[in-house]
Structures are given as C-alpha cells and as structure tokens.
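Student: Could we take a close look at one spot in this model, and then work outwards from there? I'd like to know how each value was defined along the way.

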Amino acid sequence: MKFTDMVIQNFLTIGEATIGLDDVGLMLIQGVNDDDSSADSNGAGKSSIADALSWCLFGITARGVTGDGVVNRTVGKETCVQLDVKDGEDIYRIIRHRKHKTGKNAVHLLKLDGTGASTDLTKGTDKLTQAEVVRVIGCSYEVFRAAVYAAQEQMPDLPALTDKQLKLLVEEAAGITLLEQAHDTARAVLVAERAQLSEVERDLARLNDRLEIVQSNLIGAERRQEVFERERAARVLAARELAKAAAGEAKTAARAAEVYDPTELAAQLAEVDAKIAGLEGERQRERELADDAAKADRTAGIERSKLTRLVDEVRATKARLTNTEELVGTPCGECGKTYETGDLTEVRAHLGQSLHDVVARCKAQKTVADDAQTRAQMLADALEEHRASMTSVAALNAQRDALRRDIDARAARLSEVARHTEQARKYLTDAETRKTEPNPHDAEVAEQTALITALTEKINAIKTTALPAGQKKVEVAEQVVRVYGPGGVRALILDTVTPFLNERTARYLGTLTDGHAQATWSTLTRTAKGELREKFTIDVVHAAGGDSFAALSGGEKRKVRVACALALQDLVASRATKPIELFFGDEIDDALDSAGLERLMGILEEKARERGTVMVISHRSLRDWISQVLTVRKHGGLASVEWVT
C-alpha cells in the first residue's frame, strides 16, 4: 500500500500544495512563520501535511481536529485534500471537502484506470463511503495514529494502554481484524444455532408435555371403557330380571282371569236386563212427571223474580216521593231539565200516580206467582206419589252392577296379561340391545392410542435426528467461536507477533538508550500471588532508572514511546493486510540530547531505506542527518511548500 501524491487546498495553514509521498526516503519538514517573528517555525504549518493525510483518510486530523476546524481561517472556505493510493495494480483517489463550493462537505472515492478514466465508488452517505475508504487502505484511524504517525503530543502511550486497547491495536496493526469479524460472525452463527437448538428442545418439551396429557387422557378413557363394560353387564342382567318379573306378572294375571266364565256372565247379564226392560212403562211415566215438575218449578221461580223486582220498584218510588225536595237543582232523568222549587208539586203528583200504578202491577204479579208455585207443588207431589207406587229395581240394578264388575275384572286381568307380556318382550329386547351396543369410549381409546403413537414417533425422530444434529451444530459453532476468539487463533497470532515486536522494540530502544532500557511485549502477566494469567502488556525496565514505565523520566518515557511506535509501524508495514510504507515523526526528536538524536536519526534513516518514505517534522535543524528538506512557509495567513535538496 503506497500513498503516491497528495494535493492540499486551504487546509489549516496551507493554501495550496502538491506533495509526493512515494519512495521519498528520509525527509525533513521544517517551517518558517513570516507572520509571527516570535514564533520561529511554530505555527507555520509543519504538521499540517500529516494532518492533511489523516483528515483525507479519516475525516479527522492526526491531532484530533474535525469539522470546520480544518478550514484555513484566511480563506474561510474551499478546503479540499486529494490523495492518490496505489494498492498493487489498483489506483484509488480519495477526495475530502469542507465548505467547498462543489464538493460541499463530502468525501469521494474513485478508482482510476490506466487511461485516466475513473469509477465512482462513493456510497450514498459519508459514513458508508468512509467504511469503503478504510477497506481500501486496510487501516483504521487508531492504527494510523499509533503506527504511521508519531508525534510529541499525540504519540499513543502504548505501555500504559489496557489489555483490551493494546490487543485491538496490535491485532489491527497485524492485519488480523478479519479474524475479529470472523469471531463476530461465528458468535452470530452460534447464537442462531443455539436458538435453533432451543426451538428443537422446546418442540421436544412441548411434545413430551403433550404426550403426558394424551397418556393421561388414554388412562381416563380406558377407565371409562372398563366402567361401561361392567355397567353393561349389570344393565343386561337387570333387563333380564325385569323381563322375568314381567312374565311372572303376566302368568299371575292370566290365572286371575281364568276365575271368570265369560259365557255364564253374559247369560246372567242378559237375564237381568230383560227383567229391567219389563219395567220401562213405569220409568217412562216417572220421566214425564219429573219433566213437568221441573218446568213448573222453573216457571214459579221466574214469576217470583218478577214479583221481587216490582216490590223493589214500589219501595224506590215511595222513597223518591218522600224525598222530593232533594230533587231541586238536579237534572231530570228524562228531559235533562234542572228541577226548581216550583216544579215539586207536579213532580209529587207524577210520582204518586207512578206509585199507584206499580202497586197495582205488584198485586197482580203476586197472584200470578202464587198460582205458579201452587201448580209446581202439585206436580212435585204427583211425582213423589208415582215413585212411591213404582216397582223397586234396586236388587236388579245391584245384580247387574255386580255382573258388570266381574266382566270388567276379567277384562282388566286380560289387559294386565297383555301389558306384562309386552313389558317382558321389551326388557328382553333391551337386554339384547345393551349386550351388543358399541362401547362409546372405544373411539376415544383408539384416537388417544393413535395420537400417542404419532407423538412417540415425532419425539423419537427429534431425539434421534434433529436434537443430535442441533447439538452437534452448537458444539461445532462453539468450537469455531473458540478458534476465532481472543483465546484461539487470535491469541496464537498475538503470540507469533509478540517476538517480532520485542525484537524490533529491543533494536530501537537499545539504540536509543545504549541498552539500558528494555520494553517487553507480553501476552502473559504475573499476579500478586505469582500466578500467570493472560494479559497483553508492555513491561518496561531501565537499568539506571525505575522498574516500571511510570517510574521513568520524561525523556526516557519518550524514547520508550518512540521505540514502541517504530516497532508497531514495522508490524504495519510488514504484516498488515495492506502494508503502509510511510512513517511520520512529528517532533519526536524533542528533548533528546545530541547522542540520543544521533541514534534516532540512524534508526529513521534505516527505516527510510526499508519502508520507502519517512518524514520527520521538527523545528530543529537536522541537515547533518537529513539531506532532503521540505519547508512550509507561512505568509499572509497562508502557507506554501518549498522543496530544498
């Protein structure tokens, strides 16, 4: 992976600049600030070149500036950084804008071919495009700051990082982040397989629960089936006993009917009827007299009722005549006129005449009623006299009634015989029906038995096929997770990478400190109890100083940081998915004595020969060691770039 050319416009202090980054060798970047004589090279924009590269790649500078903070304050707009990247035979162009007239605030990714034509790889959002940029360069912002860019203020404190932070940084630097993605995928597969297995286990549990319920239902159905069979036998026996009893009752009734001789009874009844028929004349006269007496009695009653109504009318008329004064002020019942005092004489005369008429009619009616009563009494007396003179038929009627009772008794016995015989037949038929009728619980037993068979087959199928298969898949998925997990192949790779980092760190730190300081990358650490446990650390010891990184002086810490950063950059350059052959050292020479500076320059010169491009940003004159110089000159708020060889 090579960064070839970078074009900068209105970025931080730089107005316009085009910088080649491919196989430059060891180059010094210095600054001249014409706008501030007191600042010397500070503020000229030396670090803006590294910042421009970081911002173009990640949208944030190597020193953490984002947004409108990267726009040149003098121009105030039209900020753009363009970077060409060569990855094998492929060439990409990354263009990032800020407050730009055409590019707005967007990032674009193009793929160039040999003819100069391009294919736009820009996605729908900057976030998606940024992900594609990271994929192309194979490096995250964190790895860039730790291994490609080392600065006095921004250099990561590698020995002080946590186990997790250091592991992630080294894993990405070693190009094994794909293993982490594989681990995430493996865990997702494991979750899915466990969910599938859980579903199979739930299905099995549901089937077992269902089987228990069906088995319980079968037991209940079989019990009801047995109860029905026992009750069937009892019902058949009871029906036969009832038939036997009914047959006995029929025989008893038949013997009782044999007591009566139907022929003799008929002859005796005919003889009595003949005798009674001879008395018909007397009975006819009795009926006639009875009819006459009844009619006379009804007539007498009617006449008495008429007499009673007339008597009531006489009394009412007398009362009205007596109370004539009370009629004053009341309406006449016939014409409706209101009675006055002067009308009373006429009213009394009228009522007197009415009383006289009704008394005369009452007397006449009494005579009629008395005559009707006398006639009725005469006819009643005649009826009693006739009855007293009639021949008595009581004995004949009693004899005839006795004969009819015997005939009815014989008929009743014969009816009982027929009824009991029919009952016996019905009981016997019921016994046969109950004996052969189907057990209503047979179907339920058969249904539950078939359901148990089906459930058992499903359960056995799950136990023998789906469950073992699911368990095997989970087992395999767990093994895959372990393989791709931190304790698996990633740990193995870290164990493989550690010797490389230790060799490189020892090489650089030995040169910088004459072998007095040692920084050891380790995947194991010893606890207070002396036990070893897995933990990724950098242990630092100085022969003439402290036994930990925290105990070192500021200058010694800087040397350790530089050595670790250079070692990590070597890892990125040699073992990453896409090696980056570029290194920025931003004022990493600061606070080094002449001996330390000379050693550092020797290291950087060697690194430049190995990696192609090493750019050293410094406010010190390093021309004794670096022949190529790039000067950033700031004038009027804008910086330009000058090459000095």
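What does Leu 638 count as in terms of relative accessibility: buried, partly exposed or exposed?

Tutor: Happy to. Leu 638 counts as partly exposed, at 29% relative accessibility; here buried means under 20% relative accessible area, exposed means over 50%, and partly exposed is in between, with a 1.4 Å probe and protein chains only. A word on origins: this is a predicted model, where local features need pLDDT of at least 70 and side-chain atom pairs count only at pLDDT 80 or more, while totals for chains, interfaces and linings use all residues. Residues are numbered from 1 along each chain as its sequence is written, and side-chain values use heavy atoms, with hydrogens and water left out.

Leu 638 belongs to strand E14, residues 638–644. Helices (H or I, at least four residues) and strands (E, at least two) are DSSP runs numbered from the N terminus. From Leu 638 to Ser 389 the C-alpha distance is 169 Å, with their positions 249 residues apart in sequence.

For another separation, take Asn 439, which sits in the loop between helix H9 (394–436) and H10. Asn 439 is buried, at 4% relative accessibility. Its C-alpha lies 76 Å from that of Lys 295, and the two are 144 residues apart along the chain.

After that loop comes H10, residues 442–484. This helix has 43 residues and spans 60 Å from its first C-alpha to its last, close to the 63 Å expected at 1.5 Å a residue; the expected span is 1.5 Å times one less than the number of residues. H10 has a kink of about 45° centred on Ile 462, where the bend is the angle between axes fitted to the seven residues ending there and the seven starting there. Ile 462 is also among the buried residues of H10, which include Val 445, Gln 448, Ile 452, Leu 455 and Ile 459. Beyond Ile 462, the buried residues of H10 are Leu 467, Gly 470, Val 474, Ala 477 and Val 481. For reading such a list, an α-helix has 3.6 residues a turn, so residues three or four places apart point the same way.

Next, helix H11, residues 489–513. Thr 505 lies in H11 and is buried, with 0% relative accessibility. The C-alpha of Thr 505 is 8.3 Å from that of Gln 518, 13 residues away along the chain. Asp 514 lies in the loop between H11 and strand E9 (517–526). Its phi is positive, about 55°, although Asp 514 is not a glycine. Most residues other than glycine have a negative phi. Asp 514 is partly exposed, at 47% relative accessible area.

Asn 10 gives a second case of positive phi, near 50°. Asn 10 lies in strand E1, residues 2–11, and is buried, with a relative accessible area of 12%.

Lys 2 brings us to a void. Lys 2, Phe 3, Leu 21, Asp 22, Asp 23, Glu 581, Leu 582, Arg 611, Gly 612 and Thr 613 line the largest cavity, which holds about 40 Å³ of space. On a 1 Å grid over the protein atoms alone, a cavity is a set of points where a 1.4 Å probe fits but cannot get out, a pocket is an open set with protein on both sides within 12 Å along at least five of seven lines, and lining residues have an atom within 4 Å of a point. Grid points are joined across faces, edges and corners, and a volume is the space filled by probe spheres set on the points. The lining of this cavity has 3 nonpolar, 2 polar and 5 charged residues; Ala, Val, Leu, Ile, Met, Phe, Trp, Tyr, Cys and Pro count as nonpolar, Asp, Glu, Lys and Arg as charged, and the others, Gly among them, as polar. Lys 2 is also 8.7 Å from Gly 88, C-alpha to C-alpha, though 86 residues separate them in sequence. Gly 88 is in the loop between strands E4 (79–87) and E5 (90–98) and is partly exposed at 49% relative accessible area.

Finally, the second largest pocket has a volume of about 410 Å³. Of its 15 lining residues, Cys 332, Glu 334, Tyr 339, Val 347 and His 350 are the closest to its centre. Helix H8 (residues 344–389) gives the most to that lining, with 5 residues. By class, the pocket lining has 7 nonpolar, 3 polar and 5 charged residues.
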